[in-house]
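User: Hi! I've just opened this one and I'm new to it. Could you walk me through it?

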Amino acid sequence: MKKYIVETFYTCTFKTVHKLDNLDDTELSKIDKRTDGDVEVIDVKLNNRKTRKVGEKKEEKSTHKKIEKTLSSNILDQSKIHKNDYKDNSVNLKVKNNARFKMPDRRKGYIQKAQIGDHKVYLHTGEYDDGKIGEIFIDTNKEGELVKAMMNNFAIAISLGLQYGVPLEEYVDAFIDTKFEPSGKVIGNDRILSASSILDYVFRELAISYLGKEELAHTPSIVSAQNLDEGNDEDKFLKIVKNITSKGFVRSNYKEKLVDLSDVRINLKTKN
């Protein structure tokens with residue numbers, strides 16, 4: 001008949017209650033050496049139970065411990081390698097994320113005034129030299145100081161995201177069709193006739209102007225060709241430029257700001 005030894009491990013949680021005459025630092029420093037405290041058991045848990053045969057040699061335990069040590073050392077080495085790789089990747093990511101494309105000191109853009117219900121909204125945009133949007137400002141009328149401050153700081157957050165490389169499409173997908181007051185009929189914008197909120201109007205306008213998303217517009221694009229048939233080709237071109245360029249930005253020097261690209265040839269062939 002085989003005999004076995006059962007080893008059971010318990011975890012006991014208890015507390016020791018001491019009574020002090022004075023609550024000061026000297027009494028608290030000696031509290032660990034006192035043995036007159038009342039012991040109260042809080043909890044007892046069964047952690048593990050092991051069985052082994054009577055007369056079984058204890059060398060197996062040592063072999064198991066050696067194997068566990070070798071395994072643990074290998075695991076520790078691998079974890080250190082992974083940690084170092086993770087640190088290197090995190091450093092590279094930090095370097096990439098810190099690349100902010102600041103706006104030029106003198107920049108292009110436009111201001112669009114519109115009225116949503118009884119509220120006037122002024123949308124200011126700032127552009128890079130290549131025409132991409134890099135910042136926005138939102139001014140509202142008939143709003144309290146709290147709402148104005150929230151809209152201004154929201155515009156700053158959007159501008160910082162654009163300058164750090166967040167695509168405008170992500171903001172458009174996030175804020176289009178958001179619903180809150182003021183909402184309703186839009187007056188003053190030739191492409192947008194109604195909006196469900198100020199954010200819906202703002203990002204609908206930006207999507208039409210900078211992303212070319214005509215499906216978000218309520219009216220088709222109509223280009224004014226008034227007074228373009230008169231004069232020679234150079235005068236026609238200058239009239240078109242004056243209609244789409246900020247006079248204050250170019251300081252009325254349209255001819256000096258123009259770049260002649262008629263002789264430029266672009267090779268669109270890709271290398272295999």
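**A first look around**

Analyst: Happy to! Let's begin with one pair: Asp-200 and Arg-204 are both buried. Keep in mind that this is a predicted model.

User: Where do Asp-200 and Arg-204 lie?

Analyst: Both sit in helix α5, four residues apart, which is about one turn of the helix. In general, an α-helix has 3.6 residues a turn, so residues three or four places apart point the same way.

User: And what do Asp-200 and Arg-204 form?

Analyst: A salt bridge, with the closest N and O atoms 3.0 Å apart. Asp-177 joins in too: Asp-177, Asp-200 and Arg-204 are linked in a network of salt bridges.

User: Tell me about α5 itself. How many residues does it have?

Analyst: Helix α5 has 13 residues, running over 198–210. From first C-alpha to last it reaches 18 Å, close to the 18 Å expected at 1.5 Å a residue.

User: Is α5 mostly covered or mostly exposed?

Analyst: Mostly covered, as twelve of its 13 residues are buried. Among them are Ile-198, Val-202, Phe-203 and Tyr-210.

User: What happens at the two ends of α5?

Analyst: At the N-terminal end, Ser-197 acts as a cap, with a side-chain oxygen 3.2 Å from the backbone nitrogen of Asp-200. Just after the helix, Gly-212 takes a positive phi of about 70°.

User: Can we pick one residue in α5 and see what's around it?

Analyst: Let's take Ile-208, which lies in that helix. Ile-208 has a relative accessible area of 8%, so it is buried. Beyond residues up to four places away in sequence, Ile-208 touches Arg-191, Ile-192, Lys-213, Glu-214, Leu-216 and Ala-217.

User: How far apart are the C-alpha atoms of Ile-208 and Ile-192?

Analyst: They are separated by 9.5 Å, and the two residues are 16 apart along the chain.

User: You mentioned Arg-191 and Glu-214. How do their side chains meet?

Analyst: In a salt bridge, at 2.4 Å from N to O. The pair links distant parts of the chain, 23 residues apart: Glu-214 is in the loop between α5 and α6 (233–244), and Arg-191 is in the loop between β6 (184–187) and β7 (194–195). Arg-191 counts as buried because its relative accessibility is 10%, whereas Glu-214, at 40%, is partly exposed.

User: How many salt bridges are there in the count?

Analyst: The count comes to five. One more to look at joins Glu-135 and Arg-107, with their closest N and O atoms 2.8 Å apart. Glu-135 lies in strand β5 (residues 133–140) and Arg-107 in the loop between α2 (59–97) and β3 (111–116), so this pair ties together parts that are 28 residues apart in sequence.

User: Is Glu-135 buried or exposed?

Analyst: Buried, because its relative accessibility is 11%. Its partner Arg-107 is partly exposed, at 29%.

User: OK, switching to strands. Is there a residue there with a few polar contacts?

Analyst: Try Thr-125, found in strand β4 (residues 119–127). The side chain of Thr-125 reaches the backbone nitrogen of Tyr-110 at 3.1 Å. A polar contact of 3.0 Å also joins the side chains of Thr-125 and Tyr-210, and Tyr-210 is one of the buried residues of α5.

User: What else is Thr-125 in contact with?

Analyst: Leaving aside neighbours within four places in sequence, its contacts include Lys-108, Gly-109, Ile-133, Glu-135 and Leu-206. Thr-125 has a relative accessible area of 10%, so it is buried.

User: Let's go to the surface. Which residues form the nonpolar patch?

Analyst: Tyr-10, Phe-14, Val-39, Val-41, Val-44 and Leu-46 form it, with about 630 Å² of accessible area together. The elements that give two or more residues to the patch are β1 (4–17) and β2 (38–53). The largest share, four residues, comes from β2.

User: Is Val-39 buried or exposed?

Analyst: Val-39, in strand β2, is exposed, because its relative accessible area is 56%.

User: Last thing: can I have the big picture?

Analyst: Sure! The protein has eight helices and seven strands. Buried residues make up 22% of its 272 residues. About 21,300 Å² of the protein is exposed, and carbon and sulfur atoms supply 53% of that. Of the contacts with a separation of 6 or more, 51% are between residues 24 or more positions apart.

Note on methods
Residues numbered from 1 in each chain as written. Predicted model: local features only at pLDDT ≥ 70, side-chain atom pairs only at ≥ 80, totals over all residues. Heavy atoms only, no water. Expected span 1.5 Å × (residues − 1). Buried < 20%, exposed > 50% of the residue type's maximum accessible area, 1.4 Å probe, protein only. Polar contact = N/O pair within 3.5 Å; in protein donor to acceptor, adjacent residues only side chain to side chain. Contact = heavy atoms within 4.5 Å. Areas by Shrake-Rupley, 256 points an atom, 1.4 Å probe, with all protein chains shown as cover. Patch = residues over 30% accessible without salt bridge, like charges linked within 9 Å, V, L, I, M, F, W, Y side chains within 5 Å. Salt bridge = Lys/Arg side-chain N within 4 Å of Asp/Glu carboxyl O.
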